[in-house]
Amino acid sequence: MSTAERAFVYAAQPSRVVFGRGSLGRLAEEVKALGSQKALILCTPAQRAQAQVAADLLGDLSVGIYDGAQMHVPIESARKAREHARSLGTDCMVAIGGGSTIGLGKAIALESTVPIIAVPTTYAGSEMTPIYGITEDKVKKTGRDLKVLPKTVLYDPDLSATLPVRMSVVSGMNAIAHAAEGLYAKDGNPVMSLMAEEGIRALATGLRGVVAQSDDLTARSDCLYGAWLCGTVLGHVGMALHHKLCHTLGGTFNLPHAETHTIVLPHALAYNSKAAPEAMQRIARAIGAPSAAAGLFDLARDLGAPTALRDIGFKESDIEVALAVALSNPYWNPAPIVERAVRELLRNAWEGQRPAV
Ligand code: NAD
């Protein structure tokens with residue numbers, strides 16, 4: 001695109017990012033910088049040990065650990081956590097974990113003015129977005145509110161080194177999906193495109209390194225750097241067909257979030273490839289492949305990730321139901337939404353077909 005054709009709006013979102021090995025050690029300083037004295041540490045039961053390290057670093061600045069974070073933030077768990085935080089007079093939340101834990105922090109922040117310090121230990125990117133999701137009666141409702149955007153984010157690669165390799169790969173592919181759709185977003189802008197391409201490059205390099213050696217801290221650092229960039233893109237620009245399909249598949253069929261993103265992404269990119277050629281070039285360049293769609297399929301397969309929806313619990317007979325849900329709500333996408341073509345996309349993703357180059 002020539003500079004003369006370019007027109008965009010760019011609104012930066014305020015968050016403070018502290019990146020680097022050992023940055024968790026700055027937690028007390030960051031809590032004090034927010035003027036807080038009663039930090040509640042949020043985690044899942046599985047990450048209690050990491051939360052304890054944070055509690056020890058905070059000493060008297062912490063009112064304790066709450067380990068009730070759950071996948072997809074059920075409304076009951078949000079209500080319980082809000083009540084717990086209120087009863088302790090919490091004035092800051094330290095969410096240490098992945099998208100589920102940060103999501104619980106957001107659910108509390110939505111109904112209070114309590115700020116979040118996020119310490120992400122996966123690559124999902126929620127820490128950089130004002131997007132929240134809460135599940136009620138099996139339906140996950142999402143919304144945007146700057147109140148839930150974490151004020152401070154501590155990215156410490158040492159903490160993500162414990163993330164199992166398979167989860168690291170699918171979590172990283174989930175992040176790549178944010179950047180890929182950001183590259184053809186309706187409200188995209190050149191700054192986000194720079195971040196998206198660099199984020200994909202960092203994750204592709206980092207994930208290859210993590211698969212070769214899971215505790216390689218250079219590779220972990222590359223992945224977390226990529227996660228920051230890709231999460232920032234998700235927080236700033238709108239998403240399209242890929243995210244809509246994954247939301248439908250996750251919500252209606254309870255498929256695992258990051259795995260679903262990993263499998264669907266190459267097919268969504270194949271769908272959009274003719275409508276968004278510049279985005280495809282940038283993705284292909286970032287992963288070092290001739291084609292974005294086939295290249296990401298190969299990357300996922302070579303890293304040992306699942307490549308077929310049928311391998312993660314999605315049945316052939318579910319295709320029509322998913323199609324109906326996905327088409328029920330019109331949304332923007334660079335290529336027009338055509339029923340026959342989306343059906344074919346879902347079928348290819350179900351079968352695990354490598355997209356044609
Ligand atoms: P997750 O937070 O559900 O974590 C999965 C499991 O991995 C948990 O048991 C967790 O404790 C464990 N874990 C996390 N980090 C670990 C580590 N370093 N070592 C060992 N175990 C670790 O997974 P996720 O993929 O990060 O988050 C998925 C959720 O986040 C979904 O609900 C998704 O919708 C949401 N999400 C939201 C946004 C947003 O902007 N609001 C963005 C991305 C994802």
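User: Which of the 22 residues around the ligand come nearest?

Analyst: A residue counts as near a molecule if one of its heavy atoms lies within 4 Å of it, and of the 22 residues around the ligand in this predicted model, T44, Q47, S100, T122 and T129 come nearest. Residues are numbered from 1 along each chain as its sequence is written. Because the model is predicted, local features need pLDDT of at least 70 and side-chain atom pairs count only at pLDDT 80 or more, while totals for chains, interfaces and linings use all residues, and side-chain values use heavy atoms, with hydrogens and water left out.

User: Which atoms of S100, T122 and L159 lie 2.5 Å, 2.6 Å and 3.1 Å from atoms of the ligand?

Analyst: A polar contact is a pair of N or O atoms within 3.5 Å. A polar side-chain atom of S100 lies 2.5 Å from a ligand oxygen, and a polar side-chain atom of T122 lies 2.6 Å from an oxygen atom of the ligand, whereas L159 uses a backbone N or O atom, 3.1 Å from a ligand nitrogen. With accessible areas from the Shrake-Rupley method and a 1.4 Å probe, the ligand taken alone exposes 860 Å², of which the protein buries 83%.

User: Why does the ligand lie between domain 1 and domain 2?

Analyst: Domain bounds come from an automatic or database domain assignment; domain 1 (16–160) and domain 2 (165–351) both give residues to the shell, so the ligand lies between them. Helices are DSSP runs of H or I with at least four residues, and strands are runs of E with at least two, numbered from the N terminus. Helix α4 (99–110) and helix α5 (157–160) each supply at least two shell residues, and the largest share, 3 residues, comes from α4.

User: How many aromatic pairs are there, and how should F19 and Y155 be read?

Analyst: Rings of Phe, Tyr and Trp (its six-membered ring) pair if their centres lie within 6.5 Å, with planes under 30 degrees apart counted as stacked, over 60 as edge-to-face and the rest as tilted. The count comes to 4 aromatic pairs. The ring centres of F19 and Y155 are 5.8 Å apart and their planes stand at 40°, so this pair is tilted. The pair links distant parts of the chain, from F19 in strand β1 (residues 16–19) to Y155 in strand β8 (residues 152–155), 136 residues apart.

User: What is the phi of H72 and of V73?

Analyst: Most residues other than glycine have a negative phi. H72, although not a glycine, has a positive phi of about 65°, and V73 has a positive phi near 45°. H72 lies in the loop between β3 (62–66) and α3 (75–87), and V73 is placed in the loop between β3 and α3.

Definitions and conventions
Polar contact = N/O pair within 3.5 Å; in protein donor to acceptor, adjacent residues only side chain to side chain.
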